[in-house]
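Me: I'd like to go through this structure and ask why each label is used. Could you set the values against the definitions for me?

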Amino acid sequence: MNYQEALQRYDQLSKLGIQLGLERIKHLLKQLGDPQKDLRFIHVAGTNGKGSTSSMIANALIYSGYKTGMFISPYVLDFRESIQCNGRMISEEEFSSLFEKVSSIASQTALHNDPPTQFEVLTAIALEFYKQNSCNAVVMEVGLGGRLDSTNVIDTPMVQVLTSISMDHTSILGDTIEKIAYEKAGIIKGSVTVIYPNMDPQAEKVITQQCQKVGSKLVKPSLDTLEVLEEGLDACTFNYRGEQYEKRLTGLYQVYNAITAISVCEELKTYGFDIPQDRIKRSIKETFLPARVEKLSQEPLVLLDGSHNPEGIKALSEILSTLSDKDMTIVMGVLADKNYEQILQILSSYGKCFIAVPVQNPRALPPQELKKVAQTYFNNVSAFEDLSEALGEVVRTCNKKSVIVVCGSLYLANVARPLLMERIDKTFGTK
C-alpha cells in the first residue's frame, strides 16, 4: 500500500464521524500489544493553546537530548504534522505501513461490529510509531474533550496539562464551562496537573475537585512573578521568576502558554529529566506554529490565524486593536457548529470590509449564510464561493499600507496559506 492509497482509505474512515468512548481504542491497542504501556506521557487538554503549549514542551525535551514524540491535531500544512518524533513528521512510508497494520487489525477484530473511528485509528498509529522509535517521552494532545477522548487510553501520565478552557464543542461537551471543564479534567488520573495561569475560575474549581479526588498535585504558574516587557508582532519578551525570555509566537496569551510549558518542564525534572534553563529558553524563543497570528507579509500586513471560537478571536483582537487606524479587510470562513455570531461581533470593531469564504470541511457554513449574519455587524460585506478567487481579489485591490486578516478555522488556514503567499509574492514581490 503506497501513501496515496493509505491516505484515501484513511479519509474514508471519516464517515464514521465523532464517537467518543474508550472501548474501541482499548480493544484495538490490546491487539497491537498495548504500545502505550511502554511509553511515558505529558497529556495536554484544553480549548485553546494546546498546540502551542505542546510544541514548547516537546521542543524543550528535544533540545535537552530526549527522543520526544508529539501528537497534535488538527494539522495546518501537512496531514503528517499530527504525528512527530523529534520534530520530524512521520514519513509517508511509515504512515502507509502502520496504517495497513492498524487498519487490518481493526477490520478483523472490531469490537461488537463497532469499528474504530478515524481519530482512534490515528491515535493507534501514533502510539505504535512512538513505541517503534523508543521515545523517552510523548507529548500527547487531546483531540476532543478529554475524559472519553481516545488519547485518554493512556495510564497515568507524568504530567497532565490543562490549557485555557472556554465554550466550544458545546453540543458534544456540554453547554456550560463547568460541564466542559469536567470533560477536559477527565485526563487527570494522579501525579501532577499543571494548569493555564488565567484559567476561568469556574473551570479551575472543577479541575481542583478532580485533583483532590485522585490525589494529583495541582500546579498553577504564578502571575506575580511575570512581567511582560514587550508584546507585538515583531518583538515579544517577558520576565518570569527572574529569568528573561523571548518568544516567537505572537499574542499575550502565548506568554501564558509559555509559562505553563516552563512549569511542566520544572515538574518533569522530578522524573529524572535533565532540562537545562537555556534549553527551555531556546524552546520558547524558537517554537513556531503556522496560523497562530502568523505574519505572512509586512507590506501589506497579512495575518493568518486559525482561531475558531470567541476566546481565540479575543486573543487575535488584542493584536488587531493596535492596528485600528489601518485599512483592514477581514476574510473569514467558519464551521457551522461554531459561535460565529459572537466571533463576528468581536471582529466588527476592527475590519472595515468583510469577505465570507468557503471552508473545505463537511461541517462548513456556506459563505452566503455567513454573509447574511455578517451584514448585521459590517457595512461592506461580500461572499465568494471560491477561496482562490476571493484571495486573489483582496490582494489585487489592496496596497502596501493595507491590513488583511484571514481567520475563522484551521481548515481554512490550511488551504489559504499557500494561496496567500503565492499571490502576495506575485503582486508585491515580497513576503
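Me: What makes the residues of α14 and α15 count as meeting each other?
Reply: Contact here means heavy atoms within 4.5 Å. In this predicted model, Leu387, Ser388, Leu391, Gly392 and Val395 of α14 meet a set of α15 residues that includes Leu412, Val415, Ala416, Leu419 and Phe428. By class, the residues of this contact are 10 nonpolar, three polar and one charged. The classes work like this: Ala, Val, Leu, Ile, Met, Phe, Trp, Tyr, Cys and Pro are nonpolar, Asp, Glu, Lys and Arg are charged, and the others, Gly among them, are polar.

Me: Happy with that. Where do the names and the values come from?
Reply: Residues are numbered from 1 along each chain as its sequence is written, and side-chain values use heavy atoms, with hydrogens and water left out. This being a predicted model, local features need pLDDT of at least 70 and side-chain atom pairs count only at pLDDT 80 or more, while totals for chains, interfaces and linings use all residues. As for element names, helices (H or I, at least four residues) and strands (E, at least two) are DSSP runs, numbered from the N terminus.

Me: How are α14 and α15 placed relative to each other?
Reply: The axes of α14 (residues 387-397) and α15 (residues 410-428) come within 10 Å and cross at roughly 40 degrees. Axes are lines fitted to C-alpha atoms, for helices over the stretch in contact, and angles run from 0 to 180 degrees between N-to-C directions. The crossing of α14 and α15 is right-handed; that word is used if the near helix is turned clockwise from the far one by less than a right angle, and left-handed if anticlockwise.

Me: Why are α12 and α13 called oblique?
Reply: Their axes cross at roughly 55 degrees and come within 10 Å. Angles under 35 degrees count as roughly parallel, over 145 as roughly antiparallel, 65 to 115 as roughly perpendicular and the rest as oblique. The value for α12 and α13 falls in the rest, so the pair is oblique. Tyr340, Glu341 and Leu344 of α12 meet Leu370, Val373 and Ala374 of α13, a contact of five nonpolar, no polar and one charged residue.

Me: And what makes α3 oblique to α10?
Reply: The axes of α3 (residues 50-63) and α10 cross at roughly 135 degrees and come within 8 Å. That angle is again among the rest, so α3 is oblique to α10. α3 passes α10 in a right-handed crossing. The contact involves residues including Ser55, Met56 and Asn59 of α3 and Arg279, Ile280 and Glu286 of α10.

Me: How do you know that Thr287 is buried?
Reply: Buried means under 20% relative accessible area, exposed over 50%, and partly exposed in between (1.4 Å probe, protein chains only). Thr287 has 1%, so Thr287 counts as buried. Thr287 lies in the loop between α10 and β12 and touches Ser52, Ser55, Met56, Asn59, Arg248 and Leu249, leaving aside residues up to four places away in sequence.

Me: Why is Ser191 called partly exposed, and Gln160 buried?
Reply: Ser191 has a relative accessible area of 22%, so Ser191 is in the partly exposed range. Gln160, in strand β6 (residues 159-162), has 0% and is therefore buried. Ser191 is among the residues that Gln160 touches.

Me: What is notable about the phi of Ser191 and of Val293?
Reply: Most residues other than glycine have a negative phi. Ser191 has a positive phi near 50 degrees, and Val293 has one of about 45 degrees. Val293 is in the loop between α10 and β12.

Me: How do you know that Cys236 is in no disulfide?
Reply: A disulfide is a pair of cysteine sulfur atoms within 2.5 Å. For Cys236 the nearest cysteine sulfur, that of Cys407, is 19 Å away, so Cys236 is in no disulfide. For Cys353 the nearest, that of Cys398, is 11 Å away. The structure holds zero disulfides.

Me: Which peptide bond is cis before Pro74, and which before Pro300?
Reply: The bond joining Ser73 and Pro74 is cis, with omega about -5 degrees, and the bond from Glu299 to Pro300 is cis, with omega near 0 degrees. Pro74 sits in the loop between β2 and β3, and Pro300 in the loop between β12 and β13.
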